[in-house]
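Hello,

Here is the structure I said I would pass on. Please open it first, then read my notes below.

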Amino acid sequence: MIEIKELQKKFGKFEVLKNINLSCKKGECIALIGPNGCGKTTLIKSVLGMVLPDSGTIHFNGNSVLGEYLYREKIGYMPQIGRYPDNMTIGQIIEMIKKIRNSSDDLDEDLLHAFELEKMFDKQMRTLSGGTTQKVSAVLAFLFNPDVLILDEPTAGLDPLAAEVLKEKIIKEKEKGKLILITSHLLSELDDLITEIIFMQEGKVHFHQKVEELKTTTGEEKISKAIAKILKNKQNEPNH
Amino acid sequence: MNRIIKIILSDIIRNKIVLAYTLILSILSWSSFALEDNSSKGLLTILNVILFTVPLVSILFATIYLYNSAEFIELLLSQPIKRRKIWLSLFFGLSTAMVFAFFIGAGIPLLVNSPDSIGFMMLLNGCLISVIFVALAFLSSILTRDKAKGIGLAIMIWLYFALLFDGMVLFLLFQLAEYPIENMMVGITAFSPIDLARIQILLHLDVSAMMGYTGAIFKDFFGTSVGLIVSFVLLSLWAIIPFFISMRKFNKKDL
């Protein structure tokens, strides 16, 4: 579904993405993990066309995304820090996005009800807490039944109850056969969610493996421990 | 595109600054016509209003609005909308708002008190100046990410066109007074939209008789219909080129 080839991006002199090659297929739930500043968000934004890569290609359903925009109809994006116009209310934001998308498909308002946002429809965005803003972002990402969901740190800032609601929703969507990309630092939360792992470090893809493979090769039950083991092995290797 | 322009326009109208701007323009225009006994003097007063406040408000308001809608632009970019469309919609939204404010504030008193070619020229020039400075605001806000720098740049642009450019032209005039530079002066006015608008209007007023030999040369050029068309084309270019540059930059910007 998403094919990334030899993607490179520099911000000034700083190389954020160094030759990234990835391929993500339908029905997978992929966790994108790695230390802060390793280029996860830049990679996601490149897929969305918000950051324009210096070289390399990104194909979505076989078509290059460069200069395209219609493919974004099939993507639901939840940003790490949702930034919305200050003086608009929750209701206005949701109305506006509906108008812009102009989609006649059925809307998926499960999360809207689950988070009980209707009660707060006339609250202005600047008065919202970080968690509530995250809820609005999540509602917008799921609203149009997209084929691909890109969630950048979805549970950061959410209370445990809301995080659980969101997790259940993600599992439900995964079962419908959608491609889901999640970045997160909370590895323990991902355990019952994901099927593949992409580990990035310093702008490179360290490994891209199925969770099952990862668990069998390392002999660990938990994802967090398996990754810790791999990283330790890497460190013990002599530097060339 | 219409949907986004509508959203932007309704947002601008909710912002009370444009309403205040309209009100101030209309107070200034009505009172300057009421205070002067002949409409020509009123026109001169309004001319100065057009040439100072309209560019200032247009460029400052548009620049600040663009920086404040950074979140809005980001939100739209993750939706299936062309980048070009977002930028164009913002431009049309802001230009329409500024032109409307000018039309209601200064255009109506102009058409009521001076319903002739001069009033009409003034109206047209004011609208063009509004659009030109909105376009320059787009350029200054895309050149830097820092809001303070962007607004500073916008003020510098206004200062340059409203004051510094005239000072430089005057300096040139005195330094080169002994040479036949009259034709060159016509060319130099093309480098400032405010001067173009000012000369266009002044030449249609009676005061142009007092501008001496240079005034006569100007009248020779701007007085003809060809000169008029050329100067309107130049004014349009002042709106199109800065916006076009900003559009190219926006298409390549990382957000």
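What follows is a short tour of the sheet in chain A, a helix pair in chain B and the contact of the two chains. Keep in mind that this is a predicted model.

Start with the sheet in chain A. It is open and has 6 strands, in the order β6-β7-β8-β3-β9-β10. The pairing is mixed. β6 (75-78) and β10 (204-210) of chain A stand at the edges, so each has a single partner strand and one side without a neighbour in the sheet. On average, neighbouring strands are turned by 15 degrees against each other, direction ignored.

One strand pair to look at is β9 (residues 196-201) with β10 in chain A. They run antiparallel and share 6 bridges. There, A:Gln201 stands opposite A:Lys204.

Two helices of chain A pack on this sheet. Helix α1 (residues 40-48) touches β3, β6, β7, β8 and β9, and its direction makes about 150 degrees with that of β7(A). Helix α4 (residues 130-142) touches β6 and β7, at about 175 degrees to the direction of β6(A).

Now chain B. The axes of helix α6 (residues 117-143) and helix α7 (residues 147-175) come within 8 Å and cross at roughly 145 degrees. The crossing is right-handed. Among the residues that meet are B:Leu136 and B:Ala137 from α6(B), and B:Leu153 and B:Ile157 from α7(B). This contact has 6 nonpolar, 3 polar and no charged residues.

Last, the two chains. Their contact takes 17 residues from chain A and 17 residues from chain B. On the chain A side, helix α2 (residues 90-101) gives the largest share, 5 residues. That side has 12 nonpolar, no polar and 5 charged residues.

Best wishes

How values were computed:
Residues are numbered from 1 along each chain as its sequence is written. Chains are lettered from A and ligands numbered from 1 in the order in which they are written. This is a predicted model: local features need pLDDT of at least 70, side-chain atom pairs count only at pLDDT 80 or more; totals for chains, interfaces and linings use all residues. Two residues are in contact if their C-beta atoms, placed from the backbone, lie within 7 Å. Helices (H or I, at least four residues) and strands (E, at least two) are DSSP runs, numbered from the N terminus. Ala, Val, Leu, Ile, Met, Phe, Trp, Tyr, Cys and Pro count as nonpolar, Asp, Glu, Lys and Arg as charged, and the others, Gly among them, as polar. Axes are lines fitted to C-alpha atoms, for helices over the stretch in contact, and angles run from 0 to 180 degrees between N-to-C directions. A crossing is left-handed if the near helix is turned anticlockwise from the far one by less than a right angle, and right-handed if clockwise. Two strands pair if DSSP finds at least two bridges between them.
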